[in-house]
Amino acid sequence: HLDLATLEQLWQQHHMRIVTPLGNDAIIHERLPEARVDARDWGEEVEISPDLTVYLEPMHHWSARSLWDRNQALWATFVLATPGGRICFVGDSGYGGGDNFRHIAVRHGPLRLAILPIGSYEPRWFMRRVHIDPAEAVEAHRVLEASKSLGIHFGTFQLTDEGRERPLVDLARACDAQGVPREDFVALEPGHALTLPSRDAERRLREGAE
């Protein structure tokens, strides 16, 4: 959500390079005029190193920091091309018929890891335009052809009507209903970590399962 106070702390500690969708560079530079910011449009990329390229892709959302700047800055999904495979980080997004997920699958799939939001989705009549629910997240996992997905954006703040643990329950049900093994779409408690097996080990596991 472009938390400028947190971004400032990170900048002071690490002086990191910032990759962001168009328009957010102006917001960041108001707070951190010396920061190195690479702002890009949808469909563009930033080469961080010979081993890492960041692509910015469209998603179904909107932006605003006040009542008077609706959609004056862009939002995006980030796809990281790494030696270990491609990782897709989806921030807030509605499903919107799935076109944006299909676009990413065509351009970048299959993915090694998809990082997908699973919370803040009730009531659906109001939230469906901007937040996918667990069932749509599992559908996105399938569309993206992700080897594994990680659920985020839940359990920290009570933003919407569903209970704190509800996304985990609904995620498990959605995996079962859509035939996705629960171990292929996991959600971690704060402070926990996910370690992916090497690509060779993952391939051997899948071949053994088949």
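**Exercise 1. Determine which residues valine 138 contacts beyond its neighbours within four places in sequence, and place valine 138 in a core.**

Solution. Step 1: once neighbours within four places in sequence are set aside, valine 138 is in contact with Leu171, Ala174, Cys175, Gln178, Val180 and Phe185. These contacts are computed from a predicted model.

Step 2: the largest nonpolar core has 27 residues, and Val138 is among the members that touch the most others, together with Phe101, Leu116, Leu144 and Phe185.

Step 3: two or more residues of this core come from each of β5, α3, β7, α5 (134–143) and α6 (166–178). The greatest contribution is that of α5, with 4 residues.

Step 4: a second core, separate from this one, holds 10 residues, including Trp11, Ile18, Ile27 and Leu32.

**Exercise 2. Establish the strand order of the open sheet and explain why one side of β3 and of β9 has no neighbour in the sheet.**

Solution. Step 1: the open sheet is formed by 7 strands with mixed pairing, and their order is β3-β4-β5-β6-β7-β8-β9.

Step 2: β3 (45–49) and β9 (185–187) are at the edges; each has a single partner strand, so one side of each lacks a neighbour in the sheet.

Step 3: from one strand to the next, the twist averages 20 degrees.

**Exercise 3. Describe how β5 is joined to β4 and to β6, and state where its side chains point.**

Solution. Step 1: β4 and β5 run antiparallel and are joined by 5 bridges. Within this pair, glutamate 57 stands opposite threonine 77 in β5.

Step 2: on the β6 side, strand β5 (residues 77–82) is joined to β6 (residues 85–89) by 5 bridges, and the two strands run antiparallel. A hairpin of 2 residues links β5 to β6. Across this pair, valine 79 faces cysteine 88 in β6, and leucine 80 stands opposite isoleucine 87 in β6.

Step 3: in a regular strand, side chains alternate between the two faces of the sheet. Along β5, Thr77, Val79 and Ala81 point to one face and are buried, whereas Phe78, Leu80 and Thr82 point to the other and are not buried.

**Exercise 4. Locate helix α3 relative to the sheet and explain why its buried residues line one face.**

Solution. Step 1: helix α3 (residues 99–108) lies across β3, β4 (52–57), β5, β6 and β7 (113–117), and runs at about 150 degrees to β4.

Step 2: the buried residues in α3 are Asn100, Phe101, Ile104, Ala105 and His108. Viewed down the axis of α3, these buried residues fall within an arc of 145 degrees, so they line one face of the helix.

Step 3: the cover over the buried residues of α3 includes β4, β5, β6, β7 and α5.

**Exercise 5. Classify alanine 187 as buried, partly exposed or exposed, and identify its contacts beyond neighbours within four places in sequence.**

Solution. Step 1: alanine 187 lies in strand β9. Buried requires under 20% relative accessible area and exposed over 50%; at 26% relative accessibility, alanine 187 therefore counts as partly exposed.

Step 2: leaving aside neighbours within four places in sequence, alanine 187 is in contact with Ile118, Gly151, Phe154, Leu168 and Leu171.

Step 3: serine 149 and alanine 187 are 38 residues apart in sequence, with a C-alpha to C-alpha separation of 8.5 Å.

Conventions. Residues are numbered from 1 along each chain as its sequence is written. This is a predicted model: local features need pLDDT of at least 70, side-chain atom pairs count only at pLDDT 80 or more; totals for chains, interfaces and linings use all residues. Side-chain values use heavy atoms; hydrogens and water are left out. Two strands pair if DSSP finds at least two bridges between them. Axes are lines fitted to C-alpha atoms, for helices over the stretch in contact, and angles run from 0 to 180 degrees between N-to-C directions. Contact means heavy atoms within 4.5 Å. A nonpolar core is a set of buried Ala, Val, Leu, Ile, Met, Phe, Trp, Tyr and Cys residues joined through side-chain atoms within 4.5 Å. Buried means under 20% relative accessible area, exposed over 50%, partly exposed in between (1.4 Å probe, protein chains only). The arc is that of the directions from the helix axis to the C-beta atoms.
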